[in-house]
Structures are given as C-alpha cells and as structure tokens.
Amino acid sequence: MAFQAKKLINDPNDAVTEFIEGLVETYPGLQYLDGFPEVKVVLRADVSRTTYDKVAVISGGGSGHEPAHAGFVGEGMLTAAICGDVFASPPVDSILAGIRAVTGLMGCLLIVKNYTGDRLNFGLAAEQAKSEGYKVEMVIVGDDCALPPPRGIAGRRGLAGTILVHKVAGAAAAAGLSLADVVAEAKLASEMVGTMGVALSVCTLPGQVTSDRLGPGKMELGLGIHGEPGAAMADLQPVDNVVSHVLKQILSPDIVNSRKMRPLIDSRISSMLLSALVYDIQFGTTVVPLLAPSDKETLILLEIQFDIKECWEETGYVPITRGSRVVLMINGLGATPVMELMIAAGKAVPRLQLEHGLAVDRVYTGSFMTSLDMAGFSISVMKADQGVLQRLDAATKAPYWPVGVAGNHPPAKIPVPIPPSLSTTNDESFSQPQQLTQQGHTLEVAIEAAASAVINLMDSLNEWDSKVGDGDCGSTMFRGATAILKDMKKHYPLNDAAETVNEIGSSIRRVMGGTSGIIYSIFCKAAYAELKATTHSVIAPVEWAAALEAAIAAVSKYGGASAGYRTLLDALIPASSVLKERLSVGDDPVDAFVLSSETALAGAESTKHMQAQAGRSTYVSGEILASVPDPGAMAAASWYKAAALAVKDNYNHHAS
C-alpha cells in the first residue's frame, strides 16, 4: 500500500537549492552561482573564465543522484556541475551560465548522460555558447548493460559509469591537454565501461508517496536511476547470486543486438518480451510468464528460442575479454548500508578474477550516483590500460571522489555573480525597422505565412498526435506560432536576417515546452550561427540553403534522428537536398524554394509508411502509425511550404 514518505526536508521545492547551500558550506573548494532558484550551478571556487588556462569539464543533470554531479566538482575532476530539479534535466539558461562562468580560451567539454532531455538541453546550450564564441564539445555516456539497445535513437542509458568518465576527463584537462585530446580520452573511456543496477525498493521523490511497485521479497534487475522499471523482476536472492548475475550481464554477449540475432528479431513481439526471453535462457529466470504474452506471442517465442541459443559468441556491451585489466565500481543507490556495498565488492573481485579471467586493478566502493533513497546497488566494470589508471590515480580535490582533499574554510561565502553573455546584442536592443528593405519585407511575409499555416493546422496536428503521441503537437506548435507573430510586430529586426532567425528561436524557447520547443530552438540557433558567418547584409539563396542544412545537421546531432526515423527531419532533409541541388544547377531561387517545399510535403506524407524510431511513437503499433503521418513532419512541411508560396507571391507582385 502506498504511503507518504518521511523526509528530513523543508519545502520539497527548495530541496535542491538548500542541498547546494549546504554543500558549499561543507566544502571550501566549491562555490555556486547567484540566481537561485532558477540557476543552480556549482563550480570550483578558484576558477574564473577570464584566467582559467585549461579545458573546463562540465557535467550535470537532474538532482536526486547525489553526490553526482556537484560532489565531483574540484581540481582534477569537474570544473562545474549544472543541477536540474529532481530527476529533471537542467534548463538551458543554467547550462549556459555554467559554461560562461568557467570556460576560458581552451574551451570546455560537456559530459552528458544519455537521456533525451539532457542531450537536447545541453545540446542547445552548446550551440548558443558556440555562437557566442566559446569552444564547446560534448561526449554522451551510455553505459547501461541491462536492456537490449531499443529500436530507434534512445540508446543505452547513462548510469554510474559516467563518474569514471568524469575522472578520466578531469585528469586529462588538469594535465593541460587540448580540448580535442580531452574529448578523445573521455569518449574512449565512455566506450570502455558497462553498468547494471539491482534495486530492492523504488525511490521516493520529495513530497510524494512511496510506490509499492516492488512487493515484499522481490528485487528488480536493471532498473534506471530515475526509478523507471528495469529488465526483470525476480525473487530476492543472496548477494552472491546477484553479483554473479550482474557481472555476467555486463560481460556477456549483447545477444539481442548481435549480428546473428538480428534476423531472428520478430516485429510481432515487443523488444521487452524478447529481452525477457533472453534473460530466461541465459540465467534460468521466469520473466516471460510475468509479462503475460498472448498465445500468438508464446508460439513466436517457442519458434525462435532455440535459434537464440546459437548466438552466444557475439561481441558484448563492452570490449572486455579474458586477460583484460579492469577497474570495478560498486555504487550504492542511496539507502544501501556500507556493509552491504562492501560485501558486494568482496564477492565481485574474486568472480572477476577467477570466473572471467580479468585483472582487477582498482576497486571503488561507495555512493557515487544514487537514486534518492533507493535500496540497492549498481556495478560498473571498466577496461583500464596504464593510461586510464594514471588518470584515475591523478590527484583531485573533488570532495566525493575517494581520495578527495579538503582545504581551509573561508569566513564567508558570497555567491559569484552570473557572467553576462558574450553576445554584443541582447533581447532589449532590437525593434522592428521603420522601413523594410526588400529582403526584410520578404522575410516578414514568409514568417507570417509560415506561422499562420501552423496555427490553421492546430486541430489536425492534435488529432494525428492523439493517435501516435500525447495529443498536444498542434497546441504546442500553436503557442510557438502565435508568439512569433506577436514578437515579430514588436522587435524582430527584419532587415537583419540572421538576428531575426535568432529572435524566432528565442520566441519559441520562451513558450514552447517539451521536445518540440528544444528541437526548434536548436534548429534556429544553428541556422543563426551559419547566417551570422556571412560577410554581407543581403543573404544569398545559397547561404539560406546552407543555413537550412546546418540547422538540420544540428537537430540530427543532438536529437539523434535522421532520415527514416519518422520525425520532422523526414520533411526537411529531402527539402534541403532538392533546394541545394536546384540552386547548384542554376534554377531560379524562388522556383527552387517552391519545388523543395513540395518535396517536404511528400516527405511528411511518406512517414505513414515508416516505423517510428524516435519519441513516443516508438511505443505505438505499426498498424496505428500507418493510419496517420507524423505530426511533427506535417507541421514542418506546412510552415516550409507556406513560406515558399509567400515568397513566390511576393516576388510575382514586385515583378508585375
């Protein structure tokens, strides 16, 4: 039965900011940026962007995983940590504040756990920082070995192995390496580590009731750090069996995603059911019956289970084979006594040595990345050569790394002011020109037509989205479009195309929530950066085409989608290709724009025949998907075509 959890807190809404205040009072080497409650950034007290001569290493994410990430800020590890609300990605403005506060001429590396919200918010912040002149790179960590890689772009989740990547990158930066070299070491480390967790209870968010999803005598294998369901539920077992199971999973072949397995994957059963079958075969569990497959699914499982048994020799999640040197991390999830963690460590080391033939060079035991008050632990195994060991052994003052060092406590703590943007302009400096140039007028009619088309399509977008998503695509796009029309009349500098595109992104970012808002903000920011690089005031058609191409590339980079994933890119990618092709052969630019818009619409319509590989549509059956196009793609095609036709009408009007 669910019940109200007991917490030693004040207002649940203040828990994160009060944690930060206590953290910086406890550790004199840490400081925080002014700006509570919106901006929650912990940084090294001895670093200033104007004097710092090394690569800054920044990480962060939702709170509730303490000591990650703020507890790993210190010389030799993280330069700053960006804290979101509990289990919520930090907002873009907070990430930007952290980048501006600590990034000097050497640039900065963002280390991001592989969750969609983190990827998109850190991605948009990276693009904004780049447009301001900062050198920024990003490494995404996905070390989860519990679940088979899902269809589409979600990928493996980022778990406690991320802390080892922090240490490697931080030591490399402290050694004075260039940004490219720090990125290379962090990326290699992220590819060498695997993690899996086991929980005895579900975590409780501040101010909320405790879930009773896990009944008495049960444990959950492979759950995520936000309390999301894992790979399987099983009866509670002795820690010997648990450790053995987890190590086998981390070091076992990646059966579901293997080369020999792919032909066996049957689209008529879910990936969760297929994963459960692999667990049953590999570890002798009884997960499949718990999922209650239909009679038809049961027959399919019987057909393929013997073929699955022949796939064991494939390459695994991590490139660790007998004879490898490894480091081991036993990580408490928040409510696990040190005694139990040490028991797990004591059982894991001999199993790695004797059963798996590995040399265990380092063991780290403690709470590194928790999940509030969850009972359980995760195990991370990382391949380690002498270079990695050197980075792990390097001195650090990060308070929660096992060898952290404290300094003298100053008499008072005064928040560091948030640094201003390096941009030469700000939101208040723009106003609509008294007289529009020809380019300014064309831009005005194109924006008005595009926004109006989205507004008129609201009901249809919501109807389509109700079948394949959460039903609010039209409403979300409507908010963005109406804000654009309103802001354009007040302060869009229409004669300056680059800044106008940037302002469109600001309007969208202010009112559009969810993934759509972030994606379109990234789109506009990348286009702005491309247009800003031009050396003349009137943007040529080929430069507009290049800006579109750059915007699409940025959305694909940070969102992970590409052509065929059933997203807005299925409208914009073919449109961009046709526009670039027609301009290259000398077609009239207006005709090329209109022709490419027809391609965009055709691309959006073609999404009816695609299997979704991104967003909530990935959970919807192919039969339902085939009944409607992707709402995001149709919205993109709609505004793109409306803009093209408006430009054509405007051109014809002036020509006559």
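This report describes a buried strand residue, the nonpolar cores and the internal cavities of a predicted model.

Residues are numbered from 1 along each chain as its sequence is written. Local features need pLDDT of at least 70 and side-chain atom pairs count only at pLDDT 80 or more, while totals for chains, interfaces and linings use all residues; side-chain values use heavy atoms, with hydrogens and water left out.

V112 belongs to strand β6, residues 108-113 (strands are DSSP runs of E, at least two residues, numbered from the N terminus). V112 counts as buried because its relative accessibility is 0% (buried means under 20% relative accessible area with a 1.4 Å probe, protein chains only). Its C-alpha atom is separated by 8.7 Å from that of I58, 54 residues apart along the chain.

The table gives contacts (heavy atoms within 4.5 Å), leaving aside neighbours within four places in sequence.

| Residue | In contact with |
|---|---|
| V112 | D118, R119, F122, M138, V139, I140 and V141 |
| Y640 | L548, L572, A575, L579, F593, S596, S597 and A600 |

Y640 is also among the residues with the most contacts inside the largest nonpolar core, which has 98 residues; the others are I99, L110, F523 and W639. A nonpolar core is a set of buried Ala, Val, Leu, Ile, Met, Phe, Trp, Tyr and Cys residues joined through side-chain atoms within 4.5 Å. A second, separate core of 52 residues includes I20, Y115, A160 and V388.

A160 also helps to line the second largest cavity, together with residues including L159, T195 and N331 (a cavity is a set of points on a 1 Å grid over the protein atoms alone where a 1.4 Å probe fits but cannot get out; lining residues have an atom within 4 Å of a point). The lining comprises seven nonpolar, five polar and no charged residues.

Notes: Helix = DSSP H or I, 4+ residues; strand = E, 2+ residues; numbered from the N terminus. Buried < 20%, exposed > 50% of the residue type's maximum accessible area, 1.4 Å probe, protein only. 1 Å grid on protein atoms, 1.4 Å probe; cavity = no way out; pocket = protein on both sides within 12 Å on 5 of 7 lines; lining within 4 Å. Nonpolar A, V, L, I, M, F, W, Y, C, P; charged D, E, K, R; others polar.
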